[in-house]
Amino acid sequence: MKRTKVSTLLSTPALIGTEVEAKGWVRTRRGNKHVQFVQLNDGSTINNIQVVFDMNLFSEDQLKPLTTGSSLRVKGLLVESQGKGQTCEIQAKEFEVYGSADPLAYPLQKKGHTLEFLRDIAHLRPRTNTFGAVLRIRSALAFAIHKFFQEKGFYYLNTPLITASDAEGAGAMFQVTTLDVENPPRDEEGRVDYSADFFGKHTSLTVSGQLEGELGATALGEIYTFGPTFRAENSNTPRHLAEFWMIEPEMAFYDITDNMDLAEEFVKYCIKYALDNCADDIRFLEQMYDKGLTERLNFVVNNDFIRLSYGEGVKILEESGKKFEFPVHWGTDLQSEHERYLVEEHFKKPVILTDYPKEIKAFYMKQNEDGKTVRAMDVLFPHIGEIIGGSEREENYDKLMARIEELHIPMKDMWWYLDTRRFGTVPHSGFGLGFERLVLFVTGMTNIRDVIPFPRTPGKAEF
Ligand code: 4AD
Ligand code: MG
């Protein structure tokens, strides 16, 4: 007999009255000597199916292994449920235990663990309701991202994870080497000789796929990347990971306004997709953690984002009369407290800030006429702060070179990038969405470590 998933059993009235087989893990068992109830979950939905054991047919001994966390296959009649809270249940006729879970040893024996505790058992936390919900939403969002871009005719471009250029300056990098780190080969001056390394040069894990994305966009027109990204900063915040996933669309012939339009349409699409397809999981997280979740998600989907320049934003912050931990004036990089003030207190809407001072942004951003600012755009979200960073790119070879020289960026690493400006250069734009920050927003969780299955943060790479 073929196993039916719990999600199907619970949502297919036509199955009622038929014999079915389910497989999954026991969440709880309770009952008395006449009847026992097992809540069975198989990960296909946050909802459990109730399995009813008539104790005239089974012995106490037979049911003994069915403790929280054990796994089983059960066959029986699917019937409409008398009890509250479930549509149907299985009247067990026959079952088989796949694996027991010693109640004295199983860490999830009891409910109600803190998220901090669950982080220390990240290998088991997907079995909790919370992480089941988060991981299903994460998966749905990943699908929505591909769907959005594929339906628009963007091509999925895979950019390298190992890179020899560290020019983007988006963050500290993890070195990749096969040299013996305790005794590396050295040149005459005593410096490590990377020509003897695996790639014949110094290499690292990528901080962004953008530069290669631009190579794709200036050939295919519109591309997007979606892959892991690595940053070795020692930032222990609820919004930073050392290994995170980023989506980076890059589009030929887009100016900054086209770029903002796309970014806004894109995040709204993803959030709407989750609302439409993950209702049970969102409802669960709302009840457990964040009473305003659905309302906030709908609000973002249904309202235009505010668009204003960095300069106007700074003015609002200066005039707010609010005491910030980090003082703010024209030229300072905005901290999350400033971003959240604009979004949560001043506008009460997502905000797209543009035209940042060139000193605090990357070398490749298109320079404005004023000589002071660049055509950058950051999308700022309630509870999150920066969710997207992007820009129109400087397509003029001479201007780009001037900036590269000003910043002393090592040119030998950049010749291939400059070829996009030497051969058939075009206006183009792009942005990067931090995938976990989107998942954070949609799930209402408050720590980024709780929206990726196996978080990598300073000092933590256990599971
Ligand atoms: O603003 P960032 O650094 O932009 C870039 O990397 C550009 N190359 C993007 C582009 O234009 N193609 O990063 C983009 C986004 C941020 O807005 C944030 O959401 C996320 O990536 N992000 C992180 N997420 C988790 N942990 C970190 N350490 C992150 N750093 C950035
Ligand atoms: Mg940024």
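## A salt bridge inside one helix

Glutamate 406 and arginine 403 bring their side chains together in a salt bridge, with 3.2 Å from N to O. Both belong to helix α11 (residues 397-406), where a spacing of three residues puts about one helical turn between them. Their surroundings don't match, though: arginine 403 is buried at 6% relative accessibility, while glutamate 406 counts as partly exposed at 47%. Bear in mind that this is a predicted model.

## Salt bridges between strands

Zooming out, the structure has 29 salt bridges. One of them pairs lysine 93 with glutamate 19, at 3.0 Å from N to O. Lysine 93 sits in strand β5 (residues 88-99) and glutamate 19 in strand β1 (residues 19-31), so this pair ties together parts of the chain that lie 74 residues apart in sequence. Lysine 93 is exposed, with 51% relative accessibility, and glutamate 19 is partly exposed at 35%.

Another salt bridge joins the side chains of glutamate 392 and arginine 375, this time at 3.5 Å from N to O. Here the link runs from strand β15, home of glutamate 392, to strand β14 (residues 373-381), home of arginine 375, so parts 17 residues apart in sequence are tied together. Glutamate 392 is buried, with just 3% relative accessible area.

## The ligand site

Which residues come closest to ligand 1? Of the 23 residues around the ligand, the closest are Glu168, Gln210, Glu248, Glu386 and Ile387. For glutamate 386, a side-chain N or O atom is 2.6 Å from an oxygen atom of ligand 1. Isoleucine 387 uses its backbone instead, with a polar atom there 2.8 Å from a ligand oxygen. On the nitrogen side, a backbone N or O atom of phenylalanine 431 lies 3.4 Å from a nitrogen atom of ligand 1. On its own, ligand 1 has 620 Å² of accessible area, and the protein covers 92% of that.

As for where the shell comes from, three elements give two or more residues each: β11 (243-252), β15 (385-392) and β16 (428-434). Strand β15 has the largest share, with five residues. By residue type, the shell splits into eight nonpolar, eight polar and seven charged.

## Aromatic pairs

There are 23 aromatic pairs in the count. Take phenylalanine 53 and phenylalanine 95: their ring centres are 5.3 Å apart and their planes meet at 80°, so the pair is edge-to-face. This pair links distant parts of the chain, with phenylalanine 53 in strand β3 (residues 49-54) and phenylalanine 95 in strand β5, 42 residues apart. Are these rings buried or exposed? Phenylalanine 53 is buried at 0% relative accessibility, and phenylalanine 95 is buried too, at 15%.

Then there's phenylalanine 143 with tyrosine 273, whose ring centres are 6.1 Å apart with planes at 55°, so this pair is tilted. Phenylalanine 143 comes from helix α4 (residues 129-151) and tyrosine 273 from helix α6 (residues 256-277), so the pair ties together parts 130 residues apart in sequence. Phenylalanine 143 is partly exposed at 48% relative accessible area, whereas tyrosine 273 is buried at 15%.

## An aromatic cluster

Some aromatic residues gather into a group: Phe148, Phe149, Phe154, Tyr156, Tyr224, Phe266, Tyr269 and Phe431 form one cluster. Phe431 has turned up already, as the residue with a backbone N or O atom 3.4 Å from a nitrogen of ligand 1.

How values were computed. Residues numbered from 1 in each chain as written. Chains lettered and ligands numbered in written order. Predicted model: local features only at pLDDT ≥ 70, side-chain atom pairs only at ≥ 80, totals over all residues. Heavy atoms only, no water. Near = heavy atom within 4 Å. Polar contact = N/O pair within 3.5 Å; in protein donor to acceptor, adjacent residues only side chain to side chain. Areas by Shrake-Rupley, 256 points an atom, 1.4 Å probe, with all protein chains shown as cover. Helix = DSSP H or I, 4+ residues; strand = E, 2+ residues; numbered from the N terminus. Nonpolar A, V, L, I, M, F, W, Y, C, P; charged D, E, K, R; others polar. Salt bridge = Lys/Arg side-chain N within 4 Å of Asp/Glu carboxyl O. Buried < 20%, exposed > 50% of the residue type's maximum accessible area, 1.4 Å probe, protein only. Phe/Tyr/Trp six-rings, centres within 6.5 Å; stacked < 30°, edge-to-face > 60°.
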